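Q: Please take one exposed charged residue as a starting point and look closely at its surroundings. Then follow the related contacts through the rest of the model.

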Amino acid sequence: MEQQHYTRIAIWLHWVIALLIIGQIIGGKVMMAMANSPTKFEIFQLHKSFGLIILILSIVRLLWRLTHKAPALPATMKPIERLGAKLSHIGFYVFMIAAPMSGWMMTSVSTPKIGTKIFKTIPWPDFPFLTRSEAAEVFFKDTHNILAIMMSLLLLLHVGAALKHHFVNHDNVLSRMLPFINPKG
Amino acid sequence: MRLLSISLAAAALIACGSASTELSAQAQDTSLISAELPQITGEYVWTMDKKKSALTFVANHGGDFTGTFSHFDAAIKLNPNAPEDGSIHAIVDLSSIDAGDSDRNANLPLADWFDMKLYPTATFISNEISKTDAGYAAGGTLSIKGISQDATLSFTLTVTGNTARAIGGLTLDRRDFKLGESADFANEDWVKFPVIVKVDITARS
């Protein structure tokens, strides 16, 4: 029988990364609006830590996805819908890796030089081959912002599509990614 | 300038090498910066005991913190009873700074702060030492990052036999020396403007 749901690992990676991304988008907006203070500095360091966690988990997830077949889409879906689903998922992988990567690059070129330690413990290097300058910092800051905005829009589309599949089409597209309800992963 | 200081230091080392072993051991402890100080002789000339002398500062970066310069020296001539004839010439190897935090230590050598490649040392040269109610005041010129400003170092002096201990300091405004020149540090959001510099010098005559 055709597999009806994602593997347990894929499901957990999906939801953990999803929560982290939503937290990062909201946290990023909030911290940018804050007045400079030691608290703001600490929030920036947390944002960097969570961003790197997302980067690592997303690479693991991509490797997992490339080595584990995803469940088939419902037979009722039109080719254009299948293409849309495929493209949006590829888009997520691009953003999940590119957004934290651009943040890491921003931190690596920024003046002042602020070291990165994941949760103040694990030291993280600067991105190689980059030179610190204010112009480079502005470039990566803009890139990071644009990627975050694009990912937010894709997120809305993704949630909307999942809900439509579940409540309008009554297919298994949402349930195949829900934890706890599947008998085995 | 660097070449000059290296050759001066080399000359100093060679000169000391012909003296007693004790002196040459002291010379090894003496850095290139000491060679940039004037050679003074005569009465009331004090030789700084580097092991018993400290140069520290208190600044505020998300809270007060204390930093140190481990490498500095001073040529001091001071008669406690006639301070007006005295002189103080101090030099600090800025690269010996430890601000107690890796981010601070990574940024302080950069152009935004001390720009140590261009300005490796800071100096204080007195032009007038006088007695005050509390102790002494050495008015002079403080030079950091190629900028010279008038400054007054206040200190108390305790002389025991041939040993003198001076404790004091001065407060500076980091903007006067373009310390933190980028927009990030143009206000006091991250780093406050005042910096208290403290000295605790033990010297022997």
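A: A:Lys120 has a relative accessibility of 60% and therefore counts as exposed, a term used for values over 50%, while buried stands for values under 20% and partly exposed for those in between (1.4 Å probe, protein chains only). This is a predicted model, in which local features need pLDDT of at least 70 and side-chain atom pairs count only at pLDDT 80 or more, whereas totals for chains, interfaces and linings use all residues, and side-chain values use heavy atoms, with hydrogens and water left out. Residues are numbered from 1 along each chain as its sequence is written, and chains are lettered from A and ligands numbered from 1 in the order in which they are written.

The partner of A:Lys120 is A:Glu42, with which A:Lys120 forms a salt bridge whose closest N and O atoms are 3.1 Å apart; the term requires a side-chain nitrogen of Lys or Arg within 4 Å of a carboxyl oxygen of Asp or Glu. The two residues of this pair, A:Glu42 in helix H2 (residues 38-67) of chain A and A:Lys120 in the loop between strand S1 (116-118) and strand S2 (122-124), are 78 residues apart, so the pair links distant parts of the chain. Helices (H or I, at least four residues) and strands (E, at least two) are DSSP runs, numbered from the N terminus. A:Glu42, at 34% relative accessibility, counts as partly exposed. In general, side chains of opposite charge can pair when their charged atoms come close.

Over all chains, a search of the whole structure finds seven salt bridges, and two that lie in chain B can be set beside the pair just described. B:Asp49 and B:Arg204 form one of them, with their closest N and O atoms 2.5 Å apart. Because B:Asp49 lies in the loop between strand S1 (45-48) and strand S2 (54-60) of chain B and B:Arg204 in strand S11 (residues 194-204), this pair ties together parts that are 155 residues apart in sequence. B:Asp49 is buried at 17% relative accessibility, whereas B:Arg204 is partly exposed, with a relative accessible area of 29%. Strand S11 of chain B appears again in the salt bridge between B:Arg165 and B:Asp200, where the closest N and O atoms are 2.6 Å apart. Here B:Arg165 lies in strand S10 (residues 163-173) and B:Asp200 in strand S11, so parts 35 residues apart in sequence are tied together. With a relative accessible area of 41%, B:Arg165 is partly exposed.

Chain B also holds a polar group around B:Ser34, a residue in the loop between helix H2 (21-29) and S1. B:Ser34 counts as buried, at 8% relative accessibility. Neighbours within four places in sequence aside, B:Ser34 is in contact with B:Lys50 and B:Asp73, where contact means heavy atoms within 4.5 Å. The side chains of B:Ser34 and B:Lys50 are joined by a polar contact of 3.1 Å, and those of B:Ser34 and B:Asp73 by one of 2.7 Å. A polar contact is a pair of N or O atoms within 3.5 Å; within protein, one must be able to donate a hydrogen and the other to accept it, and residues adjacent in sequence count only if both atoms are side-chain atoms. As a whole, chain B has three helices and eleven strands, and buried residues make up 45% of its 205 residues.

Between the two chains, the count of salt bridges is zero. Even so, three residue pairs are in polar contact across the interface of chain A and chain B, with both residues at pLDDT 80 or more. The side of chain A that touches chain B draws its largest share, three residues, from H2(A). The contact takes eleven residues from chain A and ten from chain B. Together the chains bury about 850 Å², 56% of it on carbon and sulfur atoms; this is the accessible area (1.4 Å probe) that two parts lose on being put together, summed over both. Of the area that chain A buries against chain B, A:Asn36, A:Pro112 and A:Lys113 supply 59%, more than any other three residues.

Elsewhere in chain A, A:Leu154 lies in helix H4 (residues 134-169) and is buried, at 12% relative accessibility. Apart from its neighbours within four places in sequence, A:Leu154 is in contact with A:Ser88, A:Gly91, A:Phe92 and A:Phe95.
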